[in-house]
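Me: I am new to reading structures and would like a close look at a single part of this one, taken step by step. Please go slowly and connect each point to the next.

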Amino acid sequence: MRYIRRVSTNDDWSTRHSVLTMARRTAALVNALADDHTEPGDVAEVLRAYGETGPVDLTRRELARMREAAALLRDVFAAEHVDRAAAALNGLLREHTGPLRLTSHGGSTPWHPHLDHDDDAPWGEWFLASSCMALTVLVWDRQRPPGRICASPSCDNVFISQGSGPERRYCSRRCATRERVAAHRRSHSLDLDRPSRTS
């Protein structure tokens with residue numbers, strides 16, 4: 001959660017609800033919900049940071065359902081090939097979402113697609129459905145897995161892969177730097193342990 005870029009509250013509705021922003025929100029929620037000590041208020045804070053403007057009153061039961069959804073979504077981030085990511089998403093779409101529909105939430109928003117069963121779906125259903133929608137569009141658009149799990153052995157955060165440069169392996173610069181420093185120390189330690197050659 002702490003390394004996912006947040007969206008500015010000054011952005012318009014379509015920017016706050018872009019596919020990439022929704023995918024980043026998914027990663028932030030999966031990370032937040034991985035911690036068993038996460039409180040409903042912590043999750044509400046993430047939702048507000050990613051554009052939720054209505055009341056976010058989560059119960060412990062809703063938090064548990066969102067945690068179950070996060071565990072299912074983690075499989076998409078664990079996929080190392082686009083075919084595996086697509087298969088994971090197809091399974092989630094088949095078993096856990098409703099049919100594609102358009103909603104304007106009673107005229108309060110622009111028309112946009114949803115995969116949950118109705119506008120008043122429980123938080124867990126909404127989270128899984130909206131996340132599947134965003135991750136599916138990223139797979140379709142980029143023809144590669146939408147994200148990854150951090151390659152640092154001391155971190156299990158998920159993140160959204162972005163950009164056209166080399167594919168990221170770490171969720172943050174902090175994790176990348178920590179692993180680079182650890183690799184340098186291991187290499188330096190090996191050099192010191194090697195016996196020197198004498199003529």
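Reply: In this predicted model, helix α6 has 14 of its 20 residues buried, so α6 is largely enclosed by the rest of the structure. The helix runs over residues 123–142, and at 1.5 Å a residue it should span 28 Å, which agrees with its end C-alpha atoms being 28 Å apart. Just after α6 comes Gln 143, which takes a positive phi of about 55 degrees.

Part of the surroundings of α6 is helix α5, since the buried residues of α5 pack against both α4 and α6. Those buried residues of α5 are Val 82, Ala 85, Leu 89, Gly 91 and Leu 92. For the 15 residues of α5, a rise of 1.5 Å a residue gives an expected span of 21 Å, and the end C-alpha atoms are indeed 21 Å apart.

On the α4 side, the axes of α4 (residues 60–78) and α5 (residues 82–96) come within 7 Å and cross at roughly 155 degrees. Angles over 145 degrees count as roughly antiparallel, and α4 and α5 are therefore roughly antiparallel to each other. The crossing in which α4 passes α5 is left-handed. Where the two helices meet, α4 contributes Leu 72, Leu 73, Asp 75 and Val 76, while α5 contributes Ala 85, Ala 88, Leu 89, Leu 92 and His 96. Sorted by character, the residues of this contact are seven nonpolar, one polar and one charged. It helps to recall that an α-helix has 3.6 residues a turn, so residues three or four places apart point the same way.

Technical notes:
Residues are numbered from 1 along each chain as its sequence is written. This is a predicted model: local features need pLDDT of at least 70, side-chain atom pairs count only at pLDDT 80 or more; totals for chains, interfaces and linings use all residues. Side-chain values use heavy atoms; hydrogens and water are left out. Helices (H or I, at least four residues) and strands (E, at least two) are DSSP runs, numbered from the N terminus. The expected span of a helix is 1.5 Å times one less than its number of residues. Buried means under 20% relative accessible area, exposed over 50%, partly exposed in between (1.4 Å probe, protein chains only). Axes are lines fitted to C-alpha atoms, for helices over the stretch in contact, and angles run from 0 to 180 degrees between N-to-C directions. Angles under 35 degrees count as roughly parallel, over 145 as roughly antiparallel, 65 to 115 as roughly perpendicular and the rest as oblique. A crossing is left-handed if the near helix is turned anticlockwise from the far one by less than a right angle, and right-handed if clockwise. Contact means heavy atoms within 4.5 Å. Ala, Val, Leu, Ile, Met, Phe, Trp, Tyr, Cys and Pro count as nonpolar, Asp, Glu, Lys and Arg as charged, and the others, Gly among them, as polar.
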